[in-house]
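The following exercises concern a pocket, a helix and a buried side chain. Please work through each task before reading its solution.

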Amino acid sequence: MIFGKDTHKQVGKLVKEYGFKKVFVHYGGASAQKSGLLDTVLDALKAENIDYVTLGGVQANPTLAMAREGIELGKKEGVDFILAVGGGSVIDTAKAVSIGSCYSGKLWDFYSGKAVPEKALPIGVVLTMAATASEANCVSVLSNETIGKKTAFYHPLTYPKFALLNPELTYSVPARQSAIGGIDIFAHAFERYFHLGQKGILRDGLCTAVMKTVLAELPLVQQNPDDYDGRSQLMWAATMAHSDMI
């Protein structure tokens, strides 16, 4: 976890240090392009002479169809690393592609409990949304449009190798989405705090701190979207709330 201003610009050097040769860059809608973030990430890869292929269009509630498209493209291009540039939906899609790219069967086999992955392509994250903590856990959620089912899948192989957390990248998140993200953070801590099977003074204190942080900082961020301190508090609260740290 690398946290702070301009940390996303380190992505090229990090990928090079790990020794990967061709990166599959996953991103969501047009915001990554309009903000210049995608160009900055690609330029960082170019600066280290790292080849890449891109695929955008990941929507909220990521779909099996999009993951399949990513798997097909990744296999065709021979990528050895997946970089998710976005929020939870983009990261979850990248996780699905990572396990599906190393499997000869159907991707949904994993999400329906019919198979367990034996290997996966490694993943990196440039985070743009404070909400799900997918950057810090091994969970991915996928929707199968054909059968109308949304399922979560857990496996250690889908832990990101690294996550670059720059609160500045969340400045442009619309107020409504920031609020939804804040509620998501609060809910994750809330559920853990009241879980009867999981207790502990430290754990309860951490959950309480996360909830109090959302209550204190979210209104300030709504009034001032470019509040670095508020955005950073929410970003770290999101990571804490749904990772193995609590």
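**Exercise 1.** Which helices and strands each supply at least two residues of the lining of the largest pocket?

*Solution.* The model is predicted: local features need pLDDT of at least 70, side-chain atom pairs count only at pLDDT 80 or more, and totals for chains, interfaces and linings use all residues. Residues are numbered from 1 along each chain as its sequence is written, and side-chain values use heavy atoms, with hydrogens and water left out.

Step 1. Helices (H or I, at least four residues) and strands (E, at least two) are DSSP runs, numbered from the N terminus.

Step 2. The contributing helices are H2 (31–34), H3 (37–47), H5 (88–100) and H7 (175–193), and the strands are E4 (81–86), E6 (139–144) and E7 (149–154).

Step 3. Of the 47 lining residues, Gly87, Gly88, Ser89, Met129 and Gln177 lie nearest the centre of the largest pocket.

**Exercise 2.** State how many residues of H5 are buried, and compare its expected and actual spans.

*Solution.* Step 1. Buried means under 20% relative accessible area (1.4 Å probe, protein chains only). In H5, 12 of 13 residues are buried, including Asp92 and Lys95.

Step 2. The expected span is 1.5 Å times one less than the number of residues. For the 13 residues of H5 this gives 18 Å, which agrees with the 18 Å between its end C-alpha atoms.

**Exercise 3.** Describe the surroundings of His26.

*Solution.* Step 1. His26 is found in strand E2 (residues 22–27), and its relative accessible area is 0%.

Step 2. Contact means heavy atoms within 4.5 Å. Not counting residues up to four places away in sequence, His26 touches Val90, Thr93, Ala94 and Val97, among others.

How values were computed. 1 Å grid on protein atoms, 1.4 Å probe; cavity = no way out; pocket = protein on both sides within 12 Å on 5 of 7 lines; lining within 4 Å. Buried < 20%, exposed > 50% of the residue type's maximum accessible area, 1.4 Å probe, protein only.
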